Amino acid sequence: GMEGLADELSALAQRLGNLDTPLRDIGEYLMLSTDTRYTRQITPEGTPWAPLSPVTLARKKDTRILRETGVLQDTLHYQVEGNELLFGSNQVYAAVHQKGQRQGASGRTSRGGPIPWGDIPARPYLGLSLEDQGEIMRIIESYALG
């Protein structure tokens, strides 16, 4: 699990002195894995995202969830700082998509309508699936044995 990953990484950091290269490999892997999950519209646990409401579907040009502009999926990126890997999207609504948001949580429009106009269910796409954890462990081990 996650604790095992953390232990392996700290052992590796002590040996290599610098996790830059393994973390970049992990970042590249997560870009592919998260992008695939996004396209398949599933959570890291493998369950389908909450479906769109009929009202939302009626307003959309594209029936796939959050694919109207492609911006969120296309702004996934990672950054390695020191021995830390940061992964996600810099888009403000990335967090809304990940965690969901209650109707009106972002205030009101100039005409007094709630923002968002309805509850937005969480549709998590960031996180590590069991497969991701296994793959990350393999990446770490390839450096540990290297």
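1. A word on burial to start: a residue is called buried under 20% relative accessible area, exposed over 50%, and partly exposed in between, using a 1.4 Å probe and protein chains only. By that rule Gln41 is buried, with a relative accessible area of 17%. Gln41 also has a positive phi of about 60° although it is not a glycine. You will find Gln41 in the loop between helix 2 and helix 3 (54-59), and it follows helix 2. Helices here are DSSP runs of H or I with at least four residues, strands are runs of E with at least two, and both are numbered from the N terminus.

2. Please keep in mind that this is a predicted model, in which local features need pLDDT of at least 70 and side-chain atom pairs count only at pLDDT 80 or more, while totals for chains, interfaces and linings use all residues. Residues are numbered from 1 along each chain as its sequence is written, and side-chain values use heavy atoms, with hydrogens and water left out.

3. On confidence, pLDDT is the predictor's own confidence in each residue, on a scale from 0 to 100. The mean pLDDT of the protein is 84, and 90% of its residues reach 70 or more. Among the elements, helix 2 has the highest mean, at 91, and helix 4 the lowest, at 72.

4. Helix 2 deserves a look of its own. It has 21 residues and reaches 30 Å from its first C-alpha to its last, close to the 30 Å expected at 1.5 Å a residue; the expected span is 1.5 Å times one less than the number of residues. Its buried residues include Leu23, Ile26, Leu30, Ser33, Arg37 and Tyr38.

5. Which residues do ring pairs link into a cluster? They are Tyr38, Trp49 and Tyr125. For this count, rings of Phe, Tyr and Trp (its six-membered ring) pair if their centres lie within 6.5 Å; planes under 30 degrees apart count as stacked, over 60 as edge-to-face and the rest as tilted. The rule gives two aromatic pairs. In one of them, Tyr38 and Trp49 meet edge-to-face, 5.1 Å centre to centre and with 90° between the planes. Tyr38 lies in helix 2 and Trp49 in the loop between helix 2 and helix 3, so this pair ties together parts that are 11 residues apart in sequence. Tyr38 is buried, with a relative accessible area of 1%, and Trp49 counts as buried at 6%.

6. Tyr38 has another ring partner. The rings of Tyr38 and Tyr125 have centres 5.3 Å apart and planes at 80°, so this pair is edge-to-face. Because Tyr125 lies in the loop between helix 5 and helix 6 while Tyr38 is in helix 2, the pair ties together parts that are 87 residues apart in sequence. Both tyrosines are buried.

7. The loop between helix 5 (93-99) and helix 6 also holds Pro116. A cis peptide bond joins Ile115 and Pro116, with omega about -10°.

8. Now the second largest pocket. A pocket is an open set of points on a 1 Å grid over the protein atoms alone, where a 1.4 Å probe fits, with protein on both sides within 12 Å along at least five of seven lines; lining residues have an atom within 4 Å of a point. About 370 Å³ of space lies in this pocket, the volume being the space filled by probe spheres set on the points, which are joined across faces, edges and corners. What lines it? There are 15 lining residues, of which Met2, Leu30, Leu85, Leu128 and Ile136 lie nearest the centre. Helix 1 (2-16), helix 2 (20-40) and strand 2 (84-89) each supply at least two lining residues, and helix 2 gives the largest share, with five.

9. The lining of that second largest pocket divides into 12 nonpolar residues, two polar and one charged. Here Ala, Val, Leu, Ile, Met, Phe, Trp, Tyr, Cys and Pro count as nonpolar, Asp, Glu, Lys and Arg as charged, and the others, Gly among them, as polar.

10. Finally, some acidic residues. Glu131, in helix 6 (residues 130-145), is exposed, with a relative accessible area of 62%. Its C-alpha and that of Ser33, 98 residues apart along the chain, are separated by 9.3 Å. Asp74 sits in helix 4 (residues 71-74) and counts as exposed at 57%. Asp74 and Asp35 are 39 residues apart in sequence and 8.5 Å apart in space, C-alpha to C-alpha.
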